[in-house]
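Biologist: Please take a close look at the salt bridges in this model. Which side chains pair up, and how exposed are they?

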Amino acid sequence: MPVRLTVGGAGLLLGGLSLWLAANSEGYSFAADAPWALILYLTAGWLTIAAGVLHWGRPPALLLVLIAIAWFVAEWHSPLAGSALTFTTALCLGNAGPAVVGHLTLVDMGRSRWNVPLAAVGYVATIALLGVLPTVFFDPASQGCPTCPDNLVVLADDAGALQRTAQWGMRIGLAWAVVVIGVVTARLVRATPVRRRRAAPLVAGGGAYLVASAWTFLINFDRGHLGHTALERRLWSAQGIALIVLAATFVAELVRARRTHADLSRLVVDVAAGSQPGRLRDAVAERVGDPGLEIAYPLDVGGYVDAAGHPLIVPADGRWTTRLAIGDHELAVLVHRPGLLDDPVLVAELIGAGHLGLESAGLRARTLAVLEDVRASRLRLIEAGDTQRVRLERDLHDGAQQRLVGLSFALSVLRSRTGEDGGLYAAAQAVQAALDQLRALARGISPVVLREEGLAAALTSLAETAPLRLLALPEGRFPDLAETTAYLLVARAAAAGPTDAAVTMYDDDLLLDLVSPGATEALDDVPDRISSLGGRLTVEPRADGTNRLAARIPVTQ
């Protein structure tokens with residue numbers, strides 16, 4: 001904060017001194033031509049410094065302050081400069097404005113390996129070739145300004161060398177400005193719609209300033225120095241307006257960022273309190289302008305999950321992802337359209353404002369992932385148990401049941417041959433009883449009709465042998481787990497006594513409404529099966545001593 005206050009105070013003082021100097025330098029300063037020009041001069045400089053101070057600690061801050069300094073310093077090459085140091089500084093740095101504006105525009109439009117080389121060419125053209133080198137050949141007293149302060153860096157009084165170096169500076173500066181404008185425009189065209197909307201004012205301000213600068217270089221090729229013509233006055237005004245637009249863009253961006261920070265901070269409170277956890281993804285998606293954005297939360301064992309704890313594949317291509325981390329601690333990975341989050345400022349905003357929400361949502365996602373693993377494990381155990389039921393039923397049917405059928409047939413044949421009805425009849429009755437019990441056992445383990453014809457047919461078959469009255473049956477087939485669970489619930493209830501059952505389909509759920517005299521203990525493992533499938537079972541005691549069982553079993557797993 002002290003540094004920011006110091007820079008801000010120095011900017012106010014610099015602007016005030018420059019305004020006084022410009023106002024009293026008629027014939028040497030564009031700002032002295034009219035009151036509105038003085039207002040434009042001061043507004044452009046002070047607003048740019050204010051934008052830099054407000055952004056202090058962020059990448060554009062220093063460049064914004066340097067732009068304002070170059071803008072003010074450009075008006076110091078006047079006999080009223082008051083000191084040789086001030087006058088010499090204006091001669092060396094007064095034309096640096098285009099280079100700094102170009103540098104800022106390039107940097108804010110995204111990282112590129114060409115940013116530094118292009119910016120370096122601009123500084124060479126404006127500071128070295130248009131500033132320092134011409135100054136070392138300029139003696140104010142002998143070249144038309146006897147009242148000007150001394151030039152502290154003059155090495156030789158050579159008007160020809162001064163003109164040649166300045167001409168080269170203008171040529172290179174013009175070519176450089178055209179290239180930078182082209183590069184920035186191309187980046188803007190390739191940018192995403194959200195990025196394009198955000199960057200358009202910046203490109204408008206920076207581009208307009210560079211166009212005015214290039215035009216100024218073009219009309220002064222032959223002369224080798226900047227003049228004070230009516231056209232140059234208008235170009236200077238255009239530069240001032242462009243700086244106001246540029247600075248206002250950064251101020252507006254800061255206001256928007258702080259508003260977003262506040263919105264996300266309020267959202268963090270909601271997420272931490274557990275209300276509407278999906279809002280975090282929605283808020284981030286709306287903020288960056290990508291409805292399809294996903295937030296992937298890292299698992300301790302590797303891999304990623306979404307907010308609901310479901311596995312999420314994160315593309316390896318970095319253009320599709322943005323890692324949100326604090327140091328080495330990874331909060332989340334955003335999966336989005338390519339190039340959407342190339343802006344490091346926006347990424348920093350998301351981390352700064354949303355890290356608590358991301359921590360909370362990540363913890364919830366990991367917990368849900370563990371619960372999902374537990375549920376999946378329970379489902380696998382149930383499926384394995386059902387598979388064993390089917391295998392056991394088949395073993396009974398193909399093994400013991402077939403042997404008993406064979407024995408029963410053999411006894412019948414023996415009775416018919418011997419004519420004996422005593423002992424053989426009793427043996428045949430015992431074998432038939434064992435066969436009936438075995439068939440009932442197999443049917444209770446895993447009814448063949450349930451697997452082959454479905455739930456409705458299996459319940460209808462059950463009602464033929466059990467005290468079961470069917471009030472409603474669903475049509476069609478359902479997943480094996482759902483059908484088996486529904487059948488077991490009805491069968492266990494009917495085994496406890498006379499039962500009324502209605503089985504219907506609603507949306508993606510099987511709804512079972514049963515009235516049975518049995519206690520919940522008689523249901524055995526059925527409640528756990530229903531819970532593992534994501535369903536619900538409620539038991540309501542009735543006045544007549546029976547229980548009303550209401551179950552909801554999802555048919556989509």
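Modeller: Six salt bridges turn up in a search of the whole structure. Keep in mind that this is a predicted model. Three of the pairs are described here, among them Asp500 with Arg469.

Start with Asp500 and Arg469. Their side chains meet in a salt bridge, with 2.9 Å from N to O. Asp500 sits in strand E6, residues 499-506, and Arg469 sits in strand E5, residues 468-472. The two residues are 31 apart in sequence, so this pair ties together separate parts of the chain. Asp500 is partly exposed, at 24% relative accessible area. That value is above the 20% under which a residue counts as buried.

Next comes Glu483 with Arg477. The closest N and O atoms of this salt bridge are 3.0 Å apart. Glu483 is buried, with a relative accessible area of 1%. Arg477, in contrast, is partly exposed at 41% relative accessibility. So this bridge joins a buried acid to a partly exposed Arg.

Then there is Asp544 with Arg542. Here the closest N and O atoms lie 3.6 Å apart. That is within the 4 Å cut-off, so the pair counts as a salt bridge. Asp544 is exposed, at 52% relative accessible area. Exposed means over 50%, so Asp544 passes that limit. Arg542 is partly exposed, at 38% relative accessibility.

Now set the acids side by side. Glu483 is buried, Asp500 is partly exposed, and Asp544 is exposed.

Notes
Residues are numbered from 1 along each chain as its sequence is written. This is a predicted model: local features need pLDDT of at least 70, side-chain atom pairs count only at pLDDT 80 or more; totals for chains, interfaces and linings use all residues. Side-chain values use heavy atoms; hydrogens and water are left out. Helices (H or I, at least four residues) and strands (E, at least two) are DSSP runs, numbered from the N terminus. Buried means under 20% relative accessible area, exposed over 50%, partly exposed in between (1.4 Å probe, protein chains only).
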